[in-house]
Amino acid sequence: MFKWKTDEFSWVDFTIDVLRVLIVLAVVVGAWNTLSSGRITLAQWVNLFAAGLSQGSIYALIALGYTLVYGILLMINFAHGEVFMAGAFSTVFLAEALNRTGFLNDQPLLAILLMIMFAGLVSMTVAILLERVAYRPLRGSPRLVPLITAIGASFFLQYAFRGLYGSGFKAYPQVQILQGAISIGGINIPIVQIFVFCSALLLMLCLYWLVERTRIGKAMRAVSENKEVARLMGIDIDFVIMFTFGVGGFLAGSAGVINGVFRPQGVNFFMGFIPGIKAFTAAVLGGIGNIPGAMLGGLFLGVIEAIGPNLVLAGLGIPGANQLKDVIAFTMLVLVLIFRPQGILGERLSEKKA
Amino acid sequence: MLSFPLAAQTACDDPLGCVEVAADDPIVIGAMLVVSGAINYLGEDTLGGVELALLARDYTLLDREIELALEDSLCTAEGGQVAAQRLAADPTVAGAIGTNCSSAAQGAIPIISESGMVMIAPSNTSPSLTNADIAAGGSHQPGYFRTSQNGLIEGMRLAEFALLALQAETLATVHDGDPYTSGLAAAVASTFAEMGGAVVFEGAVNKGDTDMSSILTEIAARQPDVIYVPLFEPESNFFAAQMQYIVGLEDTIIIGGAASFSSSFPENTGDAAVGIFVSGPLVSGDAYEILLEQWYEEYGGDPPSGYHAHAYDATNLLLDALETSAVVNGDGSITIGRQAIRDAIAATEDYPGLTGRLTCREDSPFAGDCSTGMALAVFEITEAEVYDDNWPPPIAWNFAVDTMD
């Protein structure tokens, strides 16, 4: 609400309010122009939404790793995108082998499960090693120190995997059972997108159960609340932190395989960078440190990214709207930080824990 | 105290300076090729062509050993710049083969030209590289030559293919901002429009994009008959694979550029690659068959892409030019004038190469073009390329035979 009284007037608040109005106006005008032109059919909108939901599911799985680590250590693990890459890149060779033997298409679900387990284990190992080697010695240092270390670790992992597997692009083989589409209400939805959404949702539910219903989950929550009190209660803090990194890593590795099933091409040592930053955005969007927030933030970001360029930017007559997909994602990050720093579901952690 | 080879320097009266090869030294030629990265198969392909051309002369020229200095030009302007700087810094390098990518050439040309060297590109196709009109976006400078076809010619042929062979009335084009892809997309679109077709969409994606649904939906809203997509992998894979899920593009045909002319394209794209047309080099003849046999003996298997013959021709043009312009001195050293090398290549006329009879032109926008422009075809990807590792795909349109003009 505008603050017109002279004694309460603030130029910062005023600017933010004007910005808020302008953004809403731009979105409304852009969307109105696009929808009233009728260029894009309902079926095409549904396609975009479904693709966005699938992409968002992958962001959500990666975002959970950011949010878990932040929740427990108040640290942004910027190397988490590379943890995702480690699982995805390593598993592409297993996927090729399974495809060559025919197992991938004879027993597709079992093969995908095997790939998820393998990728999860690789990423979990990388995440645990990161914690043990790069972050644990810095625990207690100023918060900038592990942040810089994380960026360094990110580059280290990229080039380590480049050295290991080469700089070329690989692609996951196609899973035949997931090809084609299912007609829902006369609109075709690709089976692979339904699979991606459902499998990501299942993994998210498993995580929720782990955190809310198990003993180790209770320990994670206790460490997240107050490490010293948790230690006094007999909780092994180091183990819980390592376990948290491992769980985040497993989810990132799983996301790598699900991403490989969804968009099989473009697997290389650099593939984790952009999804990592997007997932961080999703975690902030949902409220970093909040598990359902990361899930919601990921889905929301995926859908906004998929629909935003065609709905808003094209409607505003901005040329090359599709090339501004990333701009939408990062603009969302800036807007969230300005208007709702605690995110969609998050608490104001800076006040509570910092 | 520094000493200078005065005798050799005084022997040189070339305005651009000379390459001095001492009595027992080898003649060094450079290669700026894409050795690493997503399209390193193109570098491997053309490096094979260069090496086989050298092997055909037993790595010997003017009774000297020929040494090849290989630099990774990547597929970026920065990569080309670095590779060119490294070669230009070495006064013994007589000339270079490369680059593979037009973007890398844009970085390399000013440095190579300034240093007085020559570069002969085996797989650059961007029209801007042979256009000397800087105001019109040209980037040609003296010393640049190529044996690959000019994108203007390729664009004209592909527009002709879309209109006449596919009976397309509407066209969309997508590039990624690279000089190669944008040059080709513009050339196809302008020729298609000139020939009476309607260009309904001209757009671009970012390098590194994985989600193509947004641009595909915009294209679907325009209902084109054909989409011309000269993208590199993996963007071309993402584009083709995701197109199958877009409502409204079920009957639209994709034509890919030579950047997709690799066995990895159908392999990485999967089912969606079936029915896609890709343009690519087409070389035939007895001499070429012998080259393929030599390739098999040296490296095993088939060349990974289609520009090895262009690289073979480029190397021979350079070696012949060195031979023509070299002066063997009394002390056994060799002096080769840099301007003389350029002049010798520029004077190439009706040269019997593997890719046709080559004549190097000097008129912009074809300055430095030595290609016939006819060693080109459109291929259609079938299930055999996707599932049975067959390569190359069957020819759908051979410009040397099917061309309408």
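Does Y59 of chain B count as buried, exposed or partly exposed, and how many C-beta neighbours does Y59(B) have inside 10 Å? Before I answer, let me say that everything I show today comes from a predicted model. Y59(B) has 15 C-beta neighbours inside 10 Å, and because a residue needs 20 or more to be buried and 12 or fewer to be exposed, Y59(B) counts as partly exposed. You will find Y59(B) in the loop between α2 (40–56) and β3 (60–61) of chain B, and although Y59(B) is not a glycine, its phi is positive, at about 55 degrees.

Let me set D389(B) beside that residue, since its phi is also a positive value, near 55 degrees, and D389(B) is likewise a residue other than glycine. Its place is the loop between α13 (383–387) and β18 (395–398) of chain B, and because D389(B) has 10 C-beta neighbours inside 10 Å, it counts as exposed.

Staying with the backbone of chain B, I would like you to look at two peptide bonds. The bond from G98(B) to T99(B) is cis, with omega near 5 degrees, and T99(B) sits in the loop between β5 (93–98) and α4 of chain B. The bond from E233(B) to P234(B) is cis as well, with omega near 5 degrees, and P234(B) belongs to the loop between β10 (226–229) and α8 (235–243) of chain B.

Now to the strands, where β8 (residues 170–175) and β9 (residues 198–204) of chain B pair in the parallel sense over six bridges. To get from β8(B) to β9(B) the chain passes through helix α6 (residues 179–194) of chain B, and this β-α-β crossover is right-handed. If you want one pair of residues to follow by eye, take L171(B), whose bridge partner in β9(B) is V199(B).

On a wider scale, the domain assignment of chain B gives domain 1, with residues 6–148 + 307–358, and domain 2, with residues 151–281 + 375–402. Their C-alpha centres lie 31 Å apart, and the contact between them takes 15 residues from domain 1 and 17 residues from domain 2 of chain B. On the domain 1 side, helix α4 (residues 102–115) of chain B gives the most, with three residues, and by class that side has six nonpolar, nine polar and no charged residues.

Let me turn to chain A and its helix α2 (residues 42–73), which I chose for a small check of geometry. At 1.5 Å a residue, the 32 residues of α2(A) should span 46 Å, and the end C-alpha atoms are 45 Å apart, which agrees. The helix is mostly covered, with 27 of its 32 residues buried, and just after α2(A) comes L74(A), with a positive phi of about 55 degrees.

The contact between the two chains takes 29 residues from chain A and 30 residues from chain B. On the side of chain A that touches chain B, the elements that give two or more residues are α2 and α12 (291–313) of chain A, and the largest share, six residues, comes from α2(A). By class, this side of chain A has 12 nonpolar, 14 polar and three charged residues.

I will finish with G152(A), which lies in helix α6 (residues 144–165) of chain A. G152(A) has 13 C-beta neighbours inside 10 Å, so G152(A) counts as partly exposed. G152(A) and D106(A) are 46 residues apart in sequence and, C-alpha to C-alpha, 42 Å apart in space.

Conventions:
Residues are numbered from 1 along each chain as its sequence is written. Chains are lettered from A and ligands numbered from 1 in the order in which they are written. This is a predicted model: local features need pLDDT of at least 70, side-chain atom pairs count only at pLDDT 80 or more; totals for chains, interfaces and linings use all residues. Two strands pair if DSSP finds at least two bridges between them. Helices (H or I, at least four residues) and strands (E, at least two) are DSSP runs, numbered from the N terminus. A crossover is right-handed if, with the strands pointing away from the viewer, the path from the first strand over the helix to the second runs clockwise. The expected span of a helix is 1.5 Å times one less than its number of residues. Two residues are in contact if their C-beta atoms, placed from the backbone, lie within 7 Å. Ala, Val, Leu, Ile, Met, Phe, Trp, Tyr, Cys and Pro count as nonpolar, Asp, Glu, Lys and Arg as charged, and the others, Gly among them, as polar. Domain bounds come from an automatic or database domain assignment.
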